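Here are my notes after going through your model, point by point. Have the structure open while you read.

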Amino acid sequence: MKRPGPLLTLLAGLLLGLFMLSLNATTGTKSASSTYKEKSPGVTASPTPSRTTTSPSPSPSRAAAPQGVYTGRTDDDSSAVAVSLRGGKAIAYFCDGHNIESWLKGTVKDDGSLRLTGDHGAKLNGAVRGKQIRGAAEVGGGHYAFTIDKAKKPSGIYRANSQVAGARIAGGWIVLPGGKQVGIVTRDGAPSAAPAIDPETGAVTVDGQRLTAQPVTP
């Protein structure tokens, strides 16, 4: 068997060297790529900033509507006026103690203003200012200015309705501070001065029959 000549041996060595160079180049590229990937910094998401909620400012509390009973006389001292306030509503009684009277009702606003109306075009407008109501009433064709004060029991407005001897009886009373009373009783629509009531019990005798007048509130 003939041994390969020196030329073949040299050629084989050359091919082996070229193969090794190619292998090293490929391995180096992969290693460098891996190293680069390992050293590349990771991308981290920034934390979402937390949202702060602002509580709405509390709305200012509304002033409560005035309450209580106010009684007094008109500026010309001809008549008495009483107004009862409760829960934003108002009822009033105007009476001269002889033949002019009117029941009025309406509302009282938070600012104390009053707008009341009654039968036959009667009106009462005014405003609560502290412990007084200042206003004017239009009743029976007359105009009556008044300033009335906040009152304590038994001062107030009283009313009674009944049948006496077949006649319809309706009575209204204003009890003023100090105990003085102004009232009218109508018998089937005919007015006259009312007898005095007992403010503690409301008892009153009309035409021989005992009735009970009740405090009036809205």
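The points below cover the strands, the aromatic contacts, some backbone oddities and the pockets.

1. First, a reminder that this is a predicted model, and the remarks here should be read that way.

2. Start with the β3-β4 hairpin. Strand β3 covers residues 89-95 and strand β4 residues 101-108, and seven bridges hold them in an antiparallel pairing. At the turn end, cysteine 95 faces glutamate 101 of β4. Five residues separate the two strands, and glycine 97 in that turn has a positive phi of about 80 degrees.

3. The next hairpin follows straight on. β4 also runs antiparallel to β5 (residues 113-118), this time with five bridges. Here lysine 105 has threonine 117 in β5 as its bridge partner. Four residues lie between β4 and β5, and again a glycine has a positive phi: glycine 112, near 90 degrees.

4. Now the aromatics. How many aromatic pairs does a search of the whole structure find? There are two. Tyrosine 93 and tryptophan 103 are stacked, because their ring centres are 4.2 Å apart and their planes meet at 20 degrees, under the 30 degrees that stacking requires. Tyrosine 93 is in β3 and tryptophan 103 in β4, so this pair ties together parts ten residues apart in sequence. Both tyrosine 93 and tryptophan 103 are buried.

5. The other pair is phenylalanine 94 with tyrosine 144. Their ring centres are 4.8 Å apart with planes at 50 degrees, so this one counts as tilted. It links distant parts of the chain, as phenylalanine 94 sits in β3 and tyrosine 144 in β8 (residues 142-150), 50 residues away. Phenylalanine 94 and tyrosine 144 are both buried.

6. Tryptophan 103 deserves a second look. Besides its stacking with tyrosine 93, it has arginine 159 over its face, 4.2 Å from the ring centre.

7. On to the backbone. Most residues other than glycine have a negative phi, and most peptide bonds are trans. Where are the exceptions? The bond from lysine 153 to proline 154 is cis, with omega near 10 degrees, and proline 154 belongs to the loop between β8 and β9. Alanine 165 has a positive phi near 55 degrees; it is in the loop between β9 and β10. Aspartate 188 has a positive phi too, about 50 degrees, and is found in the loop between β11 and β12.

8. Are those two positive-phi residues buried or exposed? Alanine 165 is exposed, because its relative accessibility is 81%, and aspartate 188 is exposed as well, at 56%. The cut-off for exposed is over 50%.

9. The largest pocket has a volume of about 570 Å³. Its lining takes in 24 residues, and Glu101, Ser102, Trp103, Asp119 and His120 lie nearest the centre. So tryptophan 103 turns up once more, among the residues nearest that centre. β4 is the top contributor to this lining, with five residues. By class, the lining has eight nonpolar, eleven polar and five charged residues.

10. The second largest pocket holds about 350 Å³. Of its 23 lining residues, Lys153, Pro154, Ser155, Tyr158 and Pro215 lie nearest the centre; Lys153 and Pro154 are the two joined by the cis bond. β1, β2, β9 and β15 each give two or more residues to this lining. The class split is ten nonpolar, nine polar and four charged.

Technical notes: Residues numbered from 1 in each chain as written. Predicted model: local features only at pLDDT ≥ 70, side-chain atom pairs only at ≥ 80, totals over all residues. Heavy atoms only, no water. Pairing = 2+ DSSP bridges. Phe/Tyr/Trp six-rings, centres within 6.5 Å; stacked < 30°, edge-to-face > 60°. Buried < 20%, exposed > 50% of the residue type's maximum accessible area, 1.4 Å probe, protein only. Lys NZ or Arg CZ within 6 Å of the ring centre and 35° of its normal. 1 Å grid on protein atoms, 1.4 Å probe; cavity = no way out; pocket = protein on both sides within 12 Å on 5 of 7 lines; lining within 4 Å. Points joined across faces, edges and corners; volume = space filled by probe spheres on them. Nonpolar A, V, L, I, M, F, W, Y, C, P; charged D, E, K, R; others polar.
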